[in-house]
Amino acid sequence: MSPDIGEIREPLLVRSISRKAVDGNCEAAGVLESVPSTRDEQVVEQGLRPGECCTMEADLAALRLELNYMKGLYFLSNLGTACWGRFAQVYYLQKGLGPARIGLIEAVTPLVQCVTQPCWGYLADALRNRKLVYLWTKTANSAVLMLFAVPSLARGWAALLAISIALSCFSAPGVV
């Protein structure tokens, strides 16, 4: 006859630096140790369900999430600089613009950035979340950059100027 499910209590596997101080029998911090089921109440008090791993694995998961978030920010940040910043003039020449109009576009964009970047900084301070504002501006910047690839939108000097101004509006390198 098989035992009742309520009678079976498997020991928890805990990876925690704090267990070394509590138990005094861990040989090295971070080593898996078996904890009797009598500690289930203590684990529940820490916000975990019995059977879940404790602090070190949770901290590692949070660190991985933060690292992936920063990788995304880095990717979006350099997408515009690497792909567009170096070749914008070549693109404008290919679209048939002359040097004077290309120079005007290249002169207007920093002026727009001088106006919009303090606004993004103020918004980041008001929201108290610089990374969110940075991620939003970089995502919008990348989306506007994609408009140059749509032939029906990127036709003519006025349309290219408008897209370039919109691209400059979402430039916020100093927020983070």
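A residue counts as partly exposed when its relative accessible area lies between the limit for buried, under 20%, and the limit for exposed, over 50%. The views below show a predicted model.

**View 1. A nonpolar surface patch that includes Leu127.** Leu123, Leu127 and Leu132 together form a nonpolar patch on the surface, and their combined accessible area is about 250 Å². Leu127 belongs to helix α5, which covers residues 99-127. With a relative accessible area of 48%, Leu127 is partly exposed.

**View 2. Helix α6 and its buried residues.** Helix α6 covers residues 130-146. Its 17 residues, at 1.5 Å a residue, should span 24 Å, and the end C-alpha atoms are indeed 24 Å apart, which agrees. Buried residues of α6 include Val133, Tyr134, Thr137, Lys138 and Ala140; Asn141, Ser142, Val144 and Leu145 are also among them.

**View 3. The aromatic pair of Trp120 and Phe170.** The structure contains 6 aromatic pairs. The ring centres of Trp120 and Phe170 are 5.9 Å apart and the planes meet at 35°, so this pair is tilted. Trp120 lies in helix α5, whereas Phe170 lies in the segment after α7 (157-169), so the pair ties together parts that are 50 residues apart in sequence. Trp120 is buried, with a relative accessible area of 13%.

**View 4. A cluster of aromatic rings.** Tyr91, Tyr92 and Phe148 are linked into a cluster by ring pairs.

**View 5. A charge over an aromatic ring.** The charged end of Arg101 is placed over the ring of Trp157. The distance from this charged end to the ring centre is 4.9 Å.

How values were computed: Residues are numbered from 1 along each chain as its sequence is written. This is a predicted model: local features need pLDDT of at least 70, side-chain atom pairs count only at pLDDT 80 or more; totals for chains, interfaces and linings use all residues. Side-chain values use heavy atoms; hydrogens and water are left out. Patches are made of residues with over 30% relative accessible area and no salt bridge: like charges are joined within 9 Å, nonpolar side chains (Val, Leu, Ile, Met, Phe, Trp, Tyr) within 5 Å. Accessible areas come from the Shrake-Rupley method with a 1.4 Å probe; for residues, only the protein chains shown count as cover. A salt bridge is a side-chain nitrogen of Lys or Arg within 4 Å of a carboxyl oxygen of Asp or Glu. Helices (H or I, at least four residues) and strands (E, at least two) are DSSP runs, numbered from the N terminus. Buried means under 20% relative accessible area, exposed over 50%, partly exposed in between (1.4 Å probe, protein chains only). The expected span of a helix is 1.5 Å times one less than its number of residues. Rings of Phe, Tyr and Trp (its six-membered ring) pair if their centres lie within 6.5 Å; planes under 30 degrees apart count as stacked, over 60 as edge-to-face and the rest as tilted. A charge sits over a ring if NZ of Lys or CZ of Arg is within 6 Å of the ring centre and within 35 degrees of the ring normal.
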